[in-house]
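Welcome! Here are some short exercises for getting to know a new structure, each with a worked solution. Take a look at the picture, then work through them in order.

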Amino acid sequence: MANEKKKTSIGGQALIEGIMMRGPFLTSMATRLPDGSIDVETWDTHKGKKAHWTRKVPFLRGIFNMVDSMVVGYGCLMKSAEKAGVEEDPTKFDKWLEEKLGDNLMKVLGGVAVVLGIALAAVLFIFIPTGLSSLLKPLLGAGIGLSLIEGLIKVIILVGYMWLCSRMKEIHRVFEYHGAEHKSIACYEAGLPLTVENIRPQRRFHPRCGTSFLFLVVFISIIVGSFISWDNPAIRMLLKLALIPVVVGISYELIKLAGRSDGILTRIISAPGMWLQRITTCEPDDSQIECAIAALEAVIPEDENADRW
């Protein structure tokens with residue numbers, strides 16, 4: 001591989017004892033099996049999906065890509081747990097679901113996971129912040145100060161949630177794979193051969209990370225929320241729920257811009273998310289880096305320009 005720097009569109013996700021990578025044509029999942037070997041599975045990135053104009057229109061594409069990433073990511077997460085041998089024996093309900101849904105089981109579970117994920121986000125970042133900050137309305141009034149308090153609560157919840165997750169042993173190991181994913185992509189973008197020795201010294205922070213995207217969603221929601229009246233907190237919550245697609249669409253375009261450019265503006269945009277990655281990524285060991293290499297090599301296109309960002 002020539003030592004030529006570039007920005008790649010390839011991105012990934014840390015799994016249970018493994019990593020998923022999505023390239024322009026192929027998606028892969030590399031999992032460390034109980035016997036120590038690495039199992040690599042690949043499939044068409046756009047398998048069974050028809051090209052749709054909404055996937056290319058700015059602001060609209062962010063909504064569809066987020067939902068798609070959540071569904072695919074959840075499916076890979078469950079599959080990796082099964083391959084790594086960490087899943088518990090299936091219950092009667094699990095067997096009933098598998099019998100009724102068959103090959104559609106993971107798609108249905110992925111859809112349910114997306115709905116539950118959005119519901120949890122709404123509780124954590126809309127209902128709780130709005131409810132708590134509205135208690136201060138008699139003291140602060142309904143101006144910008146109250147919106148800033150609401151925004152501060154959102155940031156505290158986001159950072160606190162991530163920090164608590166990082167304290168869990170199982171999640172901490174996932175965060176190590178997250179670091180391996182970022183480091184391998186950084187090595188690839190630097191134009192260096194994908195070896196453990198080359199990947200190990202790379203930075204584990206990346207501007208296109210999902211952590212950065214989450215922070216942008218929270219930040220944009222704070223700005224959008226500042227324009228919504230505080231006259232009725234219940235109506236304010238409903239309006240913010242309705243504006244979730246707008247917030248996601250704007251955040252997606254900003255994360256794409258941050259991944260494409262190294263200018264001062266994009267560095268400012270990326271800075272808070274990169275800082276948060278100190279919580280959601282950890283330094284990986286060599287075996288985790290080997291998984292990242294296996295996953296990344298499987299999706300690199302033959303045409304070196306096909307995956308340019």
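## Exercise 1: an aromatic pair

Phenylalanine 219 counts as partly exposed, because its relative accessibility is 40% (buried means under 20% relative accessible area, exposed over 50%, and partly exposed in between, with a 1.4 Å probe and protein chains only). Before you start, note that this is a predicted model, in which local features need pLDDT of at least 70 and side-chain atom pairs count only at pLDDT 80 or more, while totals for chains, interfaces and linings use all residues. Residues are numbered from 1 along each chain as its sequence is written, and side-chain values use heavy atoms, leaving out hydrogens and water.

**Task.** Find which residue forms an aromatic pair with phenylalanine 219, and describe the pair.

**Solution.**
- Step 1: Start with the rule. Rings of Phe, Tyr and Trp (its six-membered ring) pair if their centres lie within 6.5 Å; planes under 30 degrees apart count as stacked, over 60 as edge-to-face and the rest as tilted.
- Step 2: Apply the rule, and the count comes to one aromatic pair. Phenylalanine 215 is the partner of phenylalanine 219; the pair is stacked, at 6.4 Å centre to centre with 10 degrees between the planes.
- Step 3: Place the two rings. Both lie in helix H8 (residues 210-225), four residues apart, about one turn of the helix. Helices (H or I, at least four residues) and strands (E, at least two) are DSSP runs, numbered from the N terminus. An α-helix has 3.6 residues a turn, so residues three or four places apart point the same way.
- Step 4: Check burial. Phenylalanine 215 is buried, because its relative accessible area is 15%.

## Exercise 2: the sheet

**Task.** Work out the order of the strands in the open sheet of four strands.

**Solution.**
- Step 1: The order is S1-S2-S3-S4, with antiparallel pairing (two strands pair if DSSP finds at least two bridges between them).
- Step 2: Strand S1 (11-15) and strand S4 (38-44) are the edges, each pairing on one side only.
- Step 3: Now look at S3 (residues 26-32), which pairs with S4 over seven bridges. Threonine 31 stands opposite aspartate 39 in S4, and methionine 29 has glutamate 41 as its bridge partner there.
- Step 4: Five residues lie between the strands of this hairpin, where glycine 36 takes a positive phi near 95 degrees.

## Exercise 3: helix H12 and the core

**Task.** Which element gives the most residues to the largest nonpolar core?

**Solution.**
- Step 1: A nonpolar core is a set of buried Ala, Val, Leu, Ile, Met, Phe, Trp, Tyr and Cys residues joined through side-chain atoms within 4.5 Å. Of the 22 residues in the largest one, Ile19, Met21, Leu194 and Leu296 touch the most other members.
- Step 2: The elements giving two or more residues to this core are S2, helix H6 (169-189), helix H7 (196-199) and H12. H12 gives the most, with seven residues.
- Step 3: Follow leucine 296. Not counting residues up to four places away in sequence, leucine 296 touches Ile10, Met21, Ser184, Ile185, Tyr188 and Leu194 (contact means heavy atoms within 4.5 Å).
- Step 4: Look along H12. Its buried residues include Ile289, Ile293 and Leu296, and the buried residues of H12 pack against S2, S3, S4, H6 and H7.
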